[in-house]
Amino acid sequence: MNLGKLRQALTAREIFDLIQDDLEQVEKKISVESVASVDAVTAIGQYLQSSGGKRLRPALLLLSSRLAAPEGNARSTAIQLGAVVELIHAATLVHDDVIDAAETRRGRPSTNVKWGNHTCVLAGDWLYMQAFQIALREHSFPILELLIGLTQMMVEGELLQLERIGRIDVSEADCMELVDRKTACLFSVCARLGALAAGADQHTQEKLSEYAWNLGMAFQLIDDMLDFTSREKVLGKPVGNDLREGKVTLPLVYALERAAPAERRLVEKILDQRNYDEVPFARILALLEQYRGIQRVKDRAQSFTDKARQIMFEFPESPYQRALLTVTELVTERDH
């Protein structure tokens, strides 16, 4: 790794400043495009937008586009596609909360709590279709092909996750497949769309896509770790939520590889009861620490961020290259 270059990485504030105008345009676009003829759909769209979020996916698309076309020639298309990927992300959140019977999202009541499951399923469908409606205006088959493939990957990921709910016999390979389908594939498509908007050649598209895929893998692995190690106030939802919902994620898979039969039965009890009433959350956290489940996931995430950095060092140095280098640091070191 070229440490000299890494030291020139930008701060989070400087990254935002590079694309601030474009991100503001993305926000305006989302606000306009989230208005439906049915009030409930509009209200859900506005509720999601006002809840904040890091806007990492449109930022990744915009930075990739600027890296590929520094003069900003593709700005209009990139802004449109930035709104598209954020609307797709919003649709997945609405559907996820229904499937998981979630009660909070980003520190507020989840949409399904406020509007009910039936309305939210249909609102999520509408958001998906609205995203495709915006994308269709670009009259680009490559863009539509990417988005259709992405949506199928993500839906299949949700179905696979549902099949594994409540099961303790989840493997490392199972976890990595879900991480790919839930998060990494969307990150990868964001970067490729940015390169495509900029008119970049196939090699550049593939390199940016590979960079973002590795970034997305690291992002979701850190997410799975933070579900155990963070705090509710920081996460915006209860800690230990994945296991409470019946999901066995990678930190627990690693711990269970070395756990005694009696310790496995503790986890099975939580999976069966869907609460920590009989087996305290602190007991599970102690298991994760004892068998290095947390540390092994950190190390695995670090290997993906190292790969992402390695790919980014292949690009000429520029503010956008340094920004995308810094993003890898922000993903690995974040606490929410």
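pLDDT is the predictor's confidence in each residue, from 0 to 100. The views below are taken from a predicted model.

**Figure 1. Confidence across the predicted model.** The protein averages a pLDDT of 91, and 95% of the residues score at least 70. Among the elements, helix α9 (residues 172-197) has the highest mean pLDDT, 97, and helix α1 (residues 3-6) the lowest, 39. Over residues 1-7 the pLDDT stays under 50. For this stretch the model has ten contacts beyond four places in sequence.

**Figure 2. Helix α17 (residues 319-333) and its surroundings.** At 1.5 Å a residue, the 15 residues of α17 should span 21 Å, and the end C-alpha atoms are 21 Å apart, which agrees. Eleven of the 15 residues are buried, so α17 is largely enclosed by the rest of the structure. The buried residues comprise the run Tyr320, Gln321, Arg322, Ala323, Leu324, Leu325, Thr326, Val327 and Thr328, together with Val331 and Thr332. The elements that cover the buried residues of α17 include α2 (12-33), α4 (56-68), α10 (202-229) and α16 (293-312).

**Figure 3. Close-up of Leu324 in helix α17.** Leu324 is buried, with a relative accessible area of 0%. Not counting residues up to four places away in sequence, Leu324 touches Leu60, Leu63, Ser64, Leu67, Leu208, Tyr211 and Met312. Ser34 is 290 residues from Leu324 in sequence, and the C-alpha atoms of the two residues are 29 Å apart in space.

**Figure 4. Close-up of Gln205 in helix α10.** The relative accessible area of Gln205 is 8%; because buried means under 20%, this residue counts as buried. Leaving aside neighbours within four places in sequence, Gln205 is in contact with Arg192, Ala195, Leu196 and Ala200.

**Figure 5. The crossing of helices α5 (residues 75-100) and α8 (residues 141-164).** Two packed helices are described by the angle between their axes and the distance between the axes. Here the axes of α5 and α8 come within 12 Å and cross at roughly 15°. Angles under 35 degrees count as roughly parallel, and α5 and α8 are therefore roughly parallel to each other. Their crossing is right-handed. On the α5 side, the contact is made by Leu81, Val84, Ile88, Thr92, Asp96 and Ile99. On the α8 side, the contact is made by Ile143, Leu147, Met154, Glu158 and Leu162.

Key:
Residues numbered from 1 in each chain as written. Predicted model: local features only at pLDDT ≥ 70, side-chain atom pairs only at ≥ 80, totals over all residues. Heavy atoms only, no water. Helix = DSSP H or I, 4+ residues; strand = E, 2+ residues; numbered from the N terminus. Expected span 1.5 Å × (residues − 1). Buried < 20%, exposed > 50% of the residue type's maximum accessible area, 1.4 Å probe, protein only. Contact = heavy atoms within 4.5 Å. Axes fitted to C-alpha atoms, helices over the stretch in contact; angles between N-to-C directions. Parallel < 35°, antiparallel > 145°, perpendicular 65-115°, else oblique. Left-handed = near helix turned anticlockwise from the far one by under 90°.
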